[in-house]
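Trainee: Please take me through the aromatic ring pairs in this model. I would like a close look at how individual rings sit against one another.

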Amino acid sequence: MSKDMYKEFSENVDREVVKLVDRTSREAAQAVDRALGRGPAAGAFDTAHWQRRLDDLLTTHRIPGAVLAVLTGGEIHELASGVLHTGTGVETTTDSVFQIGSVSKGYTAALVLALADAGKLDLDQPVVTILPDFALADAEAARTITPRQLLNHTSGIEGDYVNDTGRGDDCLARYVEGARDVGLTNPPGATMSYSSTAYNVLGRIVEVVTGRTWDEALKELLCDPMGLHQTMTLPEEVLRFRAAMGHMGEPGEDPTPTPLWNMLPRSAGPYGGISATAADVVRFARLFIDGGTAPDGTRVLSAAAVEAMLTREVEMPDQWFLGAHWGLGWGLFEWDGVRGFGHDGSTFGQLAYLRAIPEKGLAIALLTNGGGAAPKVHEALCRELSAELAGVTMPAFGPAEHPLTVDPEPFAGRYPREGFLMTITPRTGDDDGEGVLDLRYEGVGGLAGTFDPLVWHLTPVSDTPAKTVFAGRRNAKDAWIPVVFYALPDGSRYVHFGVRATAKSA
């Protein structure tokens with residue numbers, strides 16, 4: 001090695017050593033600050049810390065890959081970890097595209113509010129004034145249901161009607177035509193029950209009012225004005241980017257790739273068909289933080305439309321899963337007296353999470369490509385980021401250290417809805433495990449045999465005259481989920497599970 005080469009090599013080593021020492025010292029100082037409760041300044045984002053945290057959580061919970069985007073202090077920070085596909089080993093990058101599932105409903109709601117803003121539809125007129133051929137199994141309900149009830153999930157329309165009506169531009173028209181035999185979970189307006197079917201009806205309303213397909217309207221009315229260049233709906237668009245593959249598996253297991261990239265039909269678009277980067281999801285959430293304007297000042301929604309989407313329309317029987325109330329498109333929550341909004345999404349093997357706190361200028365989007373413990377990763381990151389960047393505490397849900405004693409018999413029985421059956425039975429003293437009730441969830445009718453029955457063990461959390469709340473999980477590795485029993489004013493008994501209301505039949 002020549003003297004010049006040795007000198008250059010030595011200088012490079014010195015520079016790297018200095019960088020390492022600086023980084024180690026900085027990280028040690030940050031660790032001390034966190035231990036002493038000082039933390040970074042409000043809105044500051046410690047990229048190195050959150051990258052390590054994301055990496056560690058994915059490793060611990062066996063999540064193949066994820067992207068995280070955080071809006072704070074007016075800037076979007078992006079992190080990526082893991083691989084997009086365990087079979088190929090392709091690295092996850094911040095520009096990778098994931099399926100966002102039901103987070104798509106917020107976009108469809110924004111389209112509807114934009115049209116109402118423009119005076120092109122009335123949220124409180126019956127749907128049949130826009131779609132004259134709209135029909136359900138309950139003809140009277142079909143004549144009275146309004147777009148507002150579709151938006152806030154009080155229409156009562158059975159929520160999980162899936163119909164692959166092909167790849168053509170008429171797929172939504174054919175879907176709505178096929179829904180004429182779909183029943184109700186409850187009378188319109190009687191309670192909140194999450195309905196993907198309702199959002200496809202909204203998607204068809206968008207098409208009829210604009211004269212465009214839902215996909216085109218999304219692009220022209222939202223994506224283009226907001227600069228969402230990596231938000232799309234069709235597989236031929238996704239192929240232009242690095243795309244995540246879904247993975248399936250139970251918590252604690254190494255998940256395996258799904259057989260297909262996307263097993264949802266095109267007709268699922270308005271309720272769950274969008275793919276995007278995490279940063280684009282945060283950019284969309286920012287629209288509701290900035291009062292309806294894009295970063296360049298373009299007015300996308302009126303301030304009144306934004307306020308309408310974030311105003312409490314209906315109280316949730318389940319106060320924890322997606323918020324205590326529902327607005328026109330978003331689940332609404334309140335942490336430490338500070339209001340926020342959000343939505344979760346899942347497709348086959350991919351899970352997405354969005355939470356935003358407008359008053360604090362904070363938005364968090366986590367997109368994952370599988371693993372049964374993704375909810376735990378979201379909960380950990382969201383709780384820690386909200387505390388550090390916004391100074392608010394995300395509440396935890398689960399049974400008390402000493403659970404209540406309740407009589408399980410009144411809750412036992414069969415709770416059927418279209419395609420699914422919940423059977424709730426008391427646990428006996430001979431059973432192993434926790435809880436006082438078992439909730440068995442299985443497919444029936446056309447969905448019979450499509451998945452192995454699932455069983456949650458239910459432990460009581462609270463008991464009031466209005467409702468009894470249980471916490472359920474399948475095993476100790478699962479996150480707790482709420483299961484709420486309550487009655488409608490007419491005395492009919494219901495369970496609220498997975499944000500859906502199901503009546504007791506026996």
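Mentor: What follows covers the ring pairs, then a nonpolar patch on the surface. Keep in mind that this is a predicted model. The count of aromatic pairs comes to 20. Take tyrosine 161 and tyrosine 175: their ring centres are 4.9 Å apart and their planes meet at 50°, so this pair is tilted. The tilted class lies between the stacked limit of 30 degrees and the edge-to-face limit of 60. This pair links distant parts of the chain, with the two positions 14 residues apart in numbering. Tyrosine 161 sits in the loop between helix H5 (147–151) and helix H6 (171–178), while tyrosine 175 belongs to helix H6 itself. Both tyrosine 161 and tyrosine 175 are buried.

Now compare a second pair, tyrosine 486 and tyrosine 494. Their ring centres are 6.1 Å apart and their planes lie at 40°, so this pair is tilted as well. Tyrosine 486 is buried, and tyrosine 494 is buried too.

Ring pairs also build a cluster. Its members are Tyr107, Phe284, Phe288, Trp330 and Phe341.

Turn next to the surface. Met248, Leu260, Met263 and Phe348 make a nonpolar patch of about 360 Å². Look at leucine 260 within that patch. Leucine 260 is in the loop between strand E6 (256–257) and helix H10 (269–272). Its relative accessibility is 49%, so leucine 260 counts as partly exposed. The cut-off for exposed is over 50%.

Notes: Residues numbered from 1 in each chain as written. Predicted model: local features only at pLDDT ≥ 70, side-chain atom pairs only at ≥ 80, totals over all residues. Heavy atoms only, no water. Phe/Tyr/Trp six-rings, centres within 6.5 Å; stacked < 30°, edge-to-face > 60°. Helix = DSSP H or I, 4+ residues; strand = E, 2+ residues; numbered from the N terminus. Buried < 20%, exposed > 50% of the residue type's maximum accessible area, 1.4 Å probe, protein only. Patch = residues over 30% accessible without salt bridge, like charges linked within 9 Å, V, L, I, M, F, W, Y side chains within 5 Å. Areas by Shrake-Rupley, 256 points an atom, 1.4 Å probe, with all protein chains shown as cover. Salt bridge = Lys/Arg side-chain N within 4 Å of Asp/Glu carboxyl O.
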